[in-house]
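Let's work through some exercises on rings, charges and ligands. Keep the structure open, try each task yourself, and then read the solution.

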Amino acid sequence: MISENVELKPYTTFGISAIAKKFAAFSSVQELRTILGENDHKELLILGGGSNVLFTSDFDGLVLHNTIKGFQVMHETETEIWLKSGAGEVWHDLVMHCIANDFGGIENLSLIPGSVGASPMQNIGAYGVEIKDVFIELEALHISSGELHTFKKDDCQFGYRESIFKREKKGEYIITSVTFALTKKQHAINTKYGAIEEQLKQMGVSSPSIQDISNAVIAIRSSKLPDPKKIGNAGSFFKNPVVDKEVLSKIQNSHENVPHYPAPNNKIKLAAGWLIDQAGWKGKTFDDFGVHKNQALVLVNYGNCSGKEILNLSERIIEDISNKFGVRLEREVNII
Ligand code: FAD
Ligand code: EPU
């Protein structure tokens, strides 16, 4: 059923007011096709958990809210299982389902908000794992033809917070399911992200299970990131910038301890949160919005700010970081 003039605030983690001219939820591919058949789809937006979007105005089109549920085993051996998930499943519910069944591979991605269907959009990642590491394929409805297409890993062109669906195929597809390969035994326990080892030590765990890893990740995340139920936000507002070695050397001249990590093609990844923090933005508050006090990469809505205010703040931060460090930050959040 298509509703009109729907308030989107409850459908996003920023909790910012915006009105959708039309709004419909779909729980199956068939229902999706019916809705699309009844509409000329000029202005379309797919919404999962709304945890990576910022509305800067009302939406003069149709918002489609994905609620396709269900898990299905596609293939199984003694050591591995391929699990297909409906795109409207909550990501963290999938993680919990896997841990409860002792399926390994996505425990480091515990507590990331949002839907399974959005996870390939930016190849979600945290604590040393990205979904590309366990990805088999996805199914997506091609909006203009109504056909269901399958994308294998190479088709998706995954990168750091990137995929083909954010670039060449932007706006062309609605992801309806995603299939992951998970381990049933001898899980590849990944503690290479320093904070996990420290957390495990504090928890008194020396030989961690996937459940322990999940618990450690949840504890770290809860201590650093604001809970969207309490403070509106969309996680990291910017991507960590990937730069040439010369850019790092210049920053090191004045800041010896700048955190940096190796990136593909002989590049260096800098920590945007550190740059913003060093520039003095951390914890800054303006009226009803600001930069979070524990994580400078997270812009927050303390109540009733507008999307434009957050966007303007992000512009000021981008300019300041560019002037101070010669690095141009890119937004991670999708601006609508
Ligand atoms: P939405 O916000 O609903 O949509 C995001 C984009 O994907 C939009 O452009 C939308 O149109 C499109 N889209 C959504 N579903 C579909 C679909 N089925 N088919 C086609 N297009 C679709 N991200 C990380 O990678 N790592 C983190 O550690 C992390 N931590 C976070 C912590 C917090 C507190 C918050 C609020 C966010 C965090 N994020 C993180 C960002 C966010 O959780 C992810 O980007 C998540 O995948 C977004 O899912 P969603 O369903 O909410 O997407
Ligand atoms: N830092 C500061 N000040 C800050 C924030 C960070 O100095 O205010 C420093 C930290 O001390 C550390 C470095 O910056 O040396 C990196 O910080 P952290 O480990 O907290 O991770 P991040 O780079 O800020 C990234 C992802 C997160 C993901 C975590 C864990 C991006 C854009 N962000 O954050 O993803 O959860 O690593 O893997 O890649 C998201 O995408 O929304 C998100 C939350």
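**Exercise 1. Find out whether tryptophan 274 and phenylalanine 325 are buried or exposed, then describe how their rings meet.**

Solution. Start with the cover: tryptophan 274 and phenylalanine 325 are both buried (under 20% relative accessible area; over 50% would be exposed and anything in between partly exposed, with a 1.4 Å probe and protein chains only). Next, look at the rings: they form a tilted aromatic pair, 6.1 Å centre to centre with 50 degrees between the planes. Here, rings of Phe, Tyr and Trp (its six-membered ring) pair if their centres lie within 6.5 Å; planes under 30 degrees apart are stacked, over 60 edge-to-face, and the rest tilted. Last step: tryptophan 274 sits in helix H7 (residues 272-278) and phenylalanine 325 in helix H8 (residues 307-325), so the pair ties together parts that are 51 residues apart in sequence. Helices are DSSP runs of H or I with at least four residues, strands are E runs of at least two, and both are numbered from the N terminus.

A quick note before you go on: this is a predicted model, where local features need pLDDT of at least 70 and side-chain atom pairs count only at pLDDT 80 or more, while totals for chains, interfaces and linings use all residues. Residues are numbered from 1 along each chain as its sequence is written, chains are lettered from A and ligands numbered from 1 in the order written, and side-chain values use heavy atoms, leaving out hydrogens and water.

**Exercise 2. Work out how many aromatic pairs the structure holds, and classify the one between phenylalanine 165 and tyrosine 173.**

Solution. The count is 12 aromatic pairs. For phenylalanine 165 and tyrosine 173, the centres are 6.2 Å apart and the planes make 85 degrees, which is edge-to-face. Both of these residues are buried. While you're looking at rings, spot the aromatic cluster formed by Phe14, Phe237 and Phe238.

**Exercise 3. Find which charged residue lies over the face of tyrosine 160, and which over the ring of phenylalanine 286.**

Solution. Over tyrosine 160 you'll find lysine 269, 3.6 Å from the ring centre. Over phenylalanine 286 it's the charged end of arginine 316, 5.1 Å from the centre. The test is that NZ of Lys or CZ of Arg is within 6 Å of the ring centre and within 35 degrees of the ring normal.

**Exercise 4. Describe what surrounds ligand 2.**

Solution. First, the shell: 23 residues surround ligand 2 (a heavy atom within 4 Å). H7 gives the most, with 3 residues. Then the polar contacts (N or O atoms within 3.5 Å; within protein, one must be able to donate a hydrogen and the other to accept it, and sequence neighbours count only if both atoms are side-chain atoms): a side-chain N or O atom of aspartate 277 is 2.8 Å from a nitrogen atom of ligand 2, and one of glutamate 332 is 2.8 Å from an oxygen atom of the ligand. Finally, on its own ligand 2 exposes 820 Å², and the protein buries 82% of that (Shrake-Rupley method, 1.4 Å probe).

**Exercise 5. Do the same for ligand 1.**

Solution. Here 33 residues form the surroundings, and Ile46 and Ser51 are among the closest. The side chain of serine 51 puts a polar atom 2.7 Å from an oxygen atom of ligand 1. The protein covers 93% of the 970 Å² of accessible area that ligand 1 has on its own.
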